[in-house]
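Visitor: I'd like a close look at one chain of this model, please. Could you walk me through chain B, from its sheets to the side that touches its neighbour?

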Amino acid sequence: MNGTISDSESSMKSATELVVERPGEFARLNYLSVHHGVRSWLLTKDHKRIGLLYLFTILIFFLIASVAAALMRIELVTPQPKLVTSETYNKLFTIHGVLMVWFFLIPSIPTVLGNFILPMMIGARDVAFPKLNLLSWYIFVAGGALALWSLLHGGVDTGWTFYTPYSTTYANTHVISMAAGVFVAGFSTIITGMNFMVTTHKMRAPGLTWFRLPLFVWSLYATSLIMVLATPVLAITLALISVERFWGVGIFDPKLGGDPVLFQHLFWFYSHPAVYIMILPGMGVISELITCFSRKPIYGYAWVGSASMAIAVLGFLVWGHHMFVSSQSVYAGMVFSILSFLVAVPSGIKVFNWTATLRKGSIHFATPMLYALGFIGLFTIGGLTGLFLAALAVDVHVHDTYFVIAHFHYIMVGGMVMAFMGGLHYWWPKISGRLYPELAGKLAAMITFIGFNLTFFPQFILGYLGQPRRYHVYPPEFQIYHVLSTAGASILGVGYLMPLIYFIWAWKHGRVAGPNPWRATGLEWQTPSPPPEHNFEQTPVVRGPPYSYSAEKDVDLDVASI
Amino acid sequence: MDRFRLFPPQASTTSHEVDALFFALTLISLFFMVVIFLPIIFFSVKYRRGSPADRSNPRSGSFLIESGWTIGPIFLSLGLFAWGAVAYFRMERRPANAIDVQVVGRQWMWKLQHAEGKREINELHVPVNTTVAMTMTSQDVIHSFFVPAFRVKQDVVPGKYTGEWFKPTRTGEYHIFCAQYCGTQHSRMIGRVVVMEPAAYERWLKSGEPTESIVQTGERVFHDRGCSGCHAPNSQFHAPLLQGLYRNPVPLVNGTMVTADDQYLRDSILQPGKQITAGYQNIMPSFAGHLSEEEIMQLIAYLKYIGNQPPASQ
């Protein structure tokens, strides 16, 4: 691989120079301007427009789920209830979990950045099945509508985990419609995953071999594999819940002859791999950001790429670590514990390689890089606390406490959401053709980082003290940590609102970006911003590996001053 | 300072074991944070854009280094796994010579009964420095019996028995939490463990109304519910005898063997057709819905008691 670097540098250099010659140019005939009207959006088959449709849709769910979180955090300032009843509180954490997991985190990077960038990254005109791509958005919206219907008719109080027999026999809320919403949305995930896999196999530009693929493509491929293989199990599980709840067929409730622990096996067989659906694409984004902003090829390309695949495969074999106190057999627990320790190794490999990539770089601290560095910090803490949960004896104590809550928020929010924000800032000039205000961006990244840590670090301590999750009221000695957490959440809220405001502003008023403001090497930067309807005027030809950056040459990145 | 307390009280033998592993994991995490975050900060400063640092001959990988940070963590993982597994194995094995407590969870309370017959709701009195072993089940949804000060937790699952044990080392009052979400009043399904000096515990046990022991209650249920009509040694009916049964192998009609543990006894009462003893017909009616969880536990306590007696001849 090393032998081809000089070759690729010359080709990339010429490509880069080609686009730098026209700085500040706004592509007049682009995917946004070529068609007009609501109809042109609702019937579009353009992967870029579909990516934006997804962005708009998941933002709505993110906002609803965030409001639910905010209400919970306000309620938890005092040990005794002040704001809502226990019934409402339980519905709040259910809606927060269901919407964040299935209607924000799982679709976030794949359907927005993946849809927009993946075909351009591999030099393709579109995804392999553009009509299916649009269909998957409609299915997603239908699933979301069912979930919202359930919410508006009183909500669900089972928790996002739908544990039986509570969900099948005892809950008096709209379990079936909520489960149906998730069931339907799952098909959207499956179609998207399949579409990405076929696209990656069949649509790569000439010369773009598997080991020349950007790591974001590798991570999306690994994610798609999980989406296609795991999501059907979730669909089956949710269908079984509805069958037991509606017809009283004994599957999970022991009173009907069922086994409640069977549900947990089925649910986590999907939901643990789903955790990797929620983090792998983020890792891919980070590989793009770290290389671009340290002007270096990635350290250990093959190891970082293979780590994604290793995580995707091993991730299917660790579901039982959610069940160490469930009455699962002791020996099963041991197998799941050891596999869970092993799945941490490829994640570690990624972190080490990102760190090594910085060495001898020329590091630009632009907003996306701040998010990327924040990601590494928070993901490392999230990953290391995962070891506590894999260790059987310690898990017994911290299982179902705030320690678990803190751990997975460090991965899901500290990891995935930071990566999503970093990626959104990085590709924003490509998406909109304009720069976001850089100073505001840096400020938002730092506010998010500080707010996040203040929100979730105290929850590790709370968890070890014994505060169980999903508690509406709690003993007064835990109050101080809840107050800190709520204070952090309000800072975090500011960190999320700022980009929302300046992205909307920059859409019309931001400075024109030009094709390649970051002087990045990916194929997506070798076409005007915003890109034309079919991405490239000529199909690009790839002659070398990705990330042919050189740190020895000092380059100016084009960022907006404020 | 009590408001900023960082660790829960250490009040059982298990709590020391779990905390030792917790501290080891914390140290290892700090180590990794140092070896990751320090280079990031160092490189960020040294190789910030425009700094005069030497950037020549950058490396894009090294098989040796990659193997090092792959294999090193694997071995460390195996060590941590073994430590956690050994401690877990001890936590999951019910020790001999323990005080028995029966626990039934329901939305939203804990019902507990001591072997001597004394009942409690949301409270558990136990003597210090004595092993206490609980047999637990739920009459509705899944609950979880969590005592943070003891570092023990176990789901309480309807339809089956789970066990949890601890040996308190300090007198005092400690939280009981339900840790598995169980519905509207989940966060109010709480209670306390009161760890007492043995003498005070004996006094507490004898206070209040005199009670019959669980075994005596179980014997009464055995006769009142008609079990003795078939299963007594002098019965007219062809039913298995229960003396000497407990913890012994039972041959089944399908040719397999099963050990007569608590779960087997429970299943035989509620689903008599599930495992039919070799040489017998399935003529027993199911008692599902006719016996409360407490009564089933009392019956089993009685069956254990006669199960340890020598087998009677028919």
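Guide: Let's start with a term we'll need in a moment: two strands count as paired if DSSP finds at least two bridges between them. Keep in mind that this is a predicted model.

With that in hand, take strand β5 of chain B, residues 132-138, which runs antiparallel to β8(B), with 5 bridges joining the two. If you want a spot to zoom in on, T135(B) sits opposite G163(B) in β8(B). Those two strands belong to an open sheet of 5 strands in chain B, ordered β3-β2-β1-β5-β8, and its pairing is mixed. At the edges you'll find β3 (119-121) and β8 (162-166) of chain B; each has a single partner strand, so one side of each goes without a neighbour in the sheet. From one strand to the next, the twist here averages 25 degrees.

Now for another sheet in chain B. Here 5 strands line up as β4-β10-β9-β6-β7, again an open sheet with mixed pairing. Its edge strands are β4 (123-127) and β7 of chain B, each pairing on one side only, and the twist averages 20 degrees between one strand and the next. Look at the β4 end: β4(B) pairs with β10(B), residues 190-196, in the parallel sense over 5 bridges. There, P127(B) is opposite M196(B) in β10(B). Lying across β4 and β10 of chain B is helix α3(B), residues 198-206, which runs at about 130 degrees to β4(B).

On to the neighbour. Chain B puts 85 residues in contact with 90 residues of chain A. Together the two chains bury about 7,800 Å², and carbon and sulfur atoms give 67% of that. R49(B), Y88(B) and Y181(B) supply 11% of the area chain B buries against chain A, more than any other three residues.

R49(B) is worth a second look: its side chain meets that of D556(A) in a salt bridge, at 2.6 Å from N to O. The interface of chain B and chain A has 3 salt bridges by the rule used, along with 30 residue pairs in polar contact, both residues at pLDDT 80 or more.

Which elements of chain B give two or more residues to the side that touches chain A? They are α1 (13-46), α2 (63-92), β7 (152-156) and β9 (172-178) of chain B. α2(B) gives the most, with 19 residues. Sorted by class, that side of chain B has 44 nonpolar, 24 polar and 17 charged residues.

Notes
Residues are numbered from 1 along each chain as its sequence is written. Chains are lettered from A and ligands numbered from 1 in the order in which they are written. This is a predicted model: local features need pLDDT of at least 70, side-chain atom pairs count only at pLDDT 80 or more; totals for chains, interfaces and linings use all residues. Side-chain values use heavy atoms; hydrogens and water are left out. Contact means heavy atoms within 4.5 Å. Buried area is the accessible area (1.4 Å probe) that two parts lose on being put together, summed over both. A salt bridge is a side-chain nitrogen of Lys or Arg within 4 Å of a carboxyl oxygen of Asp or Glu. A polar contact is a pair of N or O atoms within 3.5 Å; within protein, one must be able to donate a hydrogen and the other to accept it, and residues adjacent in sequence count only if both atoms are side-chain atoms. Helices (H or I, at least four residues) and strands (E, at least two) are DSSP runs, numbered from the N terminus. Ala, Val, Leu, Ile, Met, Phe, Trp, Tyr, Cys and Pro count as nonpolar, Asp, Glu, Lys and Arg as charged, and the others, Gly among them, as polar. Axes are lines fitted to C-alpha atoms, for helices over the stretch in contact, and angles run from 0 to 180 degrees between N-to-C directions.
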